[in-house]
Amino acid sequence: MSRRRDITETPPQSPGPFGTPESLRPVFGPGSPLPSGGGNIRTQTSGASPLNMNSAQIHTEQLAGSQVGYSGGYQNAPPSAVGETYTTQKHIHINSKHINFRDNKADFEVGLITPIRNARRMCLRSFSTPNTGHNFVEGANHFRWVEIQRHGTTGAVLAKGFSISIPSGYFTGAQFASAFNAQVNALTNHPFNAEGAPILSLSYSSATYHLTFNARVPTTGAVQNKWIVLLRDDNQTDDFHRVGFEANQTLSYPSGAFRDGEGVLLTPEGDLQAYASAIANDASYVDPTERLQRMNTSGISIYGALESLIENRMGFYITTNLSINDVYETHRRLGKNLAEQTNILSWVINDTSRYSYLHYEPNNKQYHTLHQDSINSIKLAIRDEYGRILQESELRDFVLTLEFEVEETTPYSKDFLQRRYADAYTSAHPTRVR
């Protein structure tokens, strides 16, 4: 007696690159009966996105049972009546290797071939990348200072600003000090006039991880009355503060007038103007804050108050263009510390050593409420602790997963699906007449 064919049987097929082939996956729909006894219902969409958008794999998982808390499944029990709502999860897996070469992989947009509708919450589910990359790049590699001279005869005061840049690359503390010294020695227009230029250098202690800025005036030439102050620009991330010199050891000053690799005469402003005036009135002026240091032939040393931690990164900010408004970030505005709404999805903590893999997958998801009924594309950016978008050389390839909680409405009742299943079974198993 021949065995009757079971409509749930399908010819064997090898799984595709992402699991079971689409043709074998049961889905809800008028032509697809619900498998007996429930089970997982999974759909997956992948492919090239339209125009110049980057592609994304959208992975949706639903659970055809009454289980709760299943990863990628229902957040509440599935409904049994038409029109009832339930919550499912959708995941977008983004691999930086698929990002258009024209884009910076730390600042890109992904188009969704199938929009995500009725998303109510989202979070960064995971992020993985090698902990490598450059720690000095253009925009985060400049160091500036000002030298002030009081003429020994006339008493005239001049201020000169200097800026050097470290070549892009990865540097240990000792390598950074060596690169800094090489750039200082290559400065042009360093002397104010006929006298010799001050002798400046950085030294690094591998025992304490501190940098020390050393300065002295030469013993030859005219009598020199010179002072020096290290600078920081509160709107930039490339200054002495980054390598361990505290705010009270540096002077906040805008960097617009400086030119890399040469000295530029300045018209002092703000605190720098106050220093110039004090020096004009006192040839032996001593700054009570010790930010401004008077140089001599014996040499002075400014010891960095903090360790120079340039050899490893603190972490990354992942930001988005989606309309989340439940996150605040601190900023300095007009001398005040303020917190304002921002678009940060998550702060990815780097707690691994260099040349190892960073795998971030928090136990407690940081969900953000969404206010968009349909998501057709997503913009993401990866920023450093200063909020600056990373450059290509600072970030190796990465994989990240976004999770969305989506509100769905059931189109069929449980009774309807059971009747449809019974009708399909009867159609496929006709009764024989003996």
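In this short talk I will walk through the fold, one helix, the charged pairs and a few single residues of this structure.

Please keep in mind throughout that this is a predicted model. The protein has 434 residues, of which 42% count as buried, and its secondary structure consists of three helices and 22 strands. If we take the contacts with a separation of 6 or more, 71% of them come from residues 24 or more positions apart.

Let me begin with helix 2, which runs over residues 270–281. Its twelve residues, at 1.5 Å a residue, should span 16 Å, and the end C-alpha atoms are 17 Å apart, so the expected and modelled values agree. Which residues of this helix are buried? They are Leu272, Tyr275, Ala276, Ala278 and Ile279, and because they fall within an arc of 165 degrees when one looks down the helix axis, they line one face of the helix. As background, an α-helix has 3.6 residues a turn, so residues three or four places apart point the same way. The buried residues of helix 2 are covered by elements that include strand 6 (142–150), strand 7 (157–165), strand 10 (226–232) and strand 11 (251–252), while the face turned away from the buried side carries the exposed residues Gly270 and Asn281.

Helix 2 also leads us to the charged pairs, of which the model has eleven that count as salt bridges. In one of them, Asp271 meets Arg291 at 3.8 Å, N to O. Asp271 belongs to helix 2 and Arg291 to the loop between helix 2 and strand 13, so this pair ties together parts that are 20 residues apart in sequence. The two partners sit in different surroundings by the accessibility classes, since Asp271 is partly exposed at 43% relative accessibility, whereas Arg291, at 18%, counts as buried.

A second pair is Arg313 with Glu394, whose closest N and O atoms are 3.3 Å apart. Here Arg313 is in the loop between strand 14 and strand 15 (315–320), and Glu394 is in the loop between strand 21 (374–383) and strand 22, so the salt bridge ties together parts 81 residues apart in sequence. Both Arg313 and Glu394 are buried.

The third pair I want to show is Glu403 with Arg125, where the closest N and O atoms are 3.5 Å apart. This one links distant parts of the chain, with Glu403 in strand 22 (residues 399–409) and Arg125 in strand 5, 278 residues apart. Glu403 and Arg125 are both buried, and they also belong to a network of salt bridges that includes Glu361 and Lys365.

Against that background, consider Arg354, in the loop between strand 18 (344–349) and strand 19 (357–360). What is the nearest side chain of opposite charge to this buried arginine, and how far away is it? It is Glu311, at 7.7 Å, and Arg354 has no salt bridge. The side chain of Arg354 does, however, reach the backbone oxygen of Gly133 at 3.0 Å. Apart from neighbours within four places in sequence, the residues in contact with Arg354 are Asn131, Thr132, Gly133, Tyr170, Glu311 and Asn312.

Another buried loop residue is Met295, which lies between strand 13 (293–294) and strand 14 (300–303) and has a relative accessibility of 3%. Met295 and Pro198 are 97 residues apart in sequence, yet their C-alpha atoms are 8.4 Å apart in space. Beyond residues up to four places away in sequence, Met295 touches a set of residues that includes Pro198, Leu200, Val217, Trp227 and Ile228.

Lys90, in strand 3 (residues 85–95), counts as buried at 14% relative accessibility. Its C-alpha atom is 8.1 Å from that of Ile116, a residue 26 positions away in sequence.

I will finish with three asparagines. Asn181 lies in helix 1 (residues 173–185), and because its relative accessible area is 19%, under the 20% cut-off, it counts as buried. Asn118, in the loop between strand 4 (107–117) and strand 5 (119–130), has a positive phi near 60 degrees although it is not a glycine, and it is partly exposed with a relative accessible area of 31%. Asn189, which is in the loop between helix 1 and strand 8 (199–204), likewise has a positive phi of about 60 degrees, and is partly exposed at 44%.

Notes: Residues are numbered from 1 along each chain as its sequence is written. This is a predicted model: local features need pLDDT of at least 70, side-chain atom pairs count only at pLDDT 80 or more; totals for chains, interfaces and linings use all residues. Side-chain values use heavy atoms; hydrogens and water are left out. Helices (H or I, at least four residues) and strands (E, at least two) are DSSP runs, numbered from the N terminus. Buried means under 20% relative accessible area, exposed over 50%, partly exposed in between (1.4 Å probe, protein chains only). Lys and Arg count as positive and Asp and Glu as negative; His and the chain ends are not counted. A salt bridge is a side-chain nitrogen of Lys or Arg within 4 Å of a carboxyl oxygen of Asp or Glu. A polar contact is a pair of N or O atoms within 3.5 Å; within protein, one must be able to donate a hydrogen and the other to accept it, and residues adjacent in sequence count only if both atoms are side-chain atoms. Contact means heavy atoms within 4.5 Å. The expected span of a helix is 1.5 Å times one less than its number of residues. The arc is that of the directions from the helix axis to the C-beta atoms.
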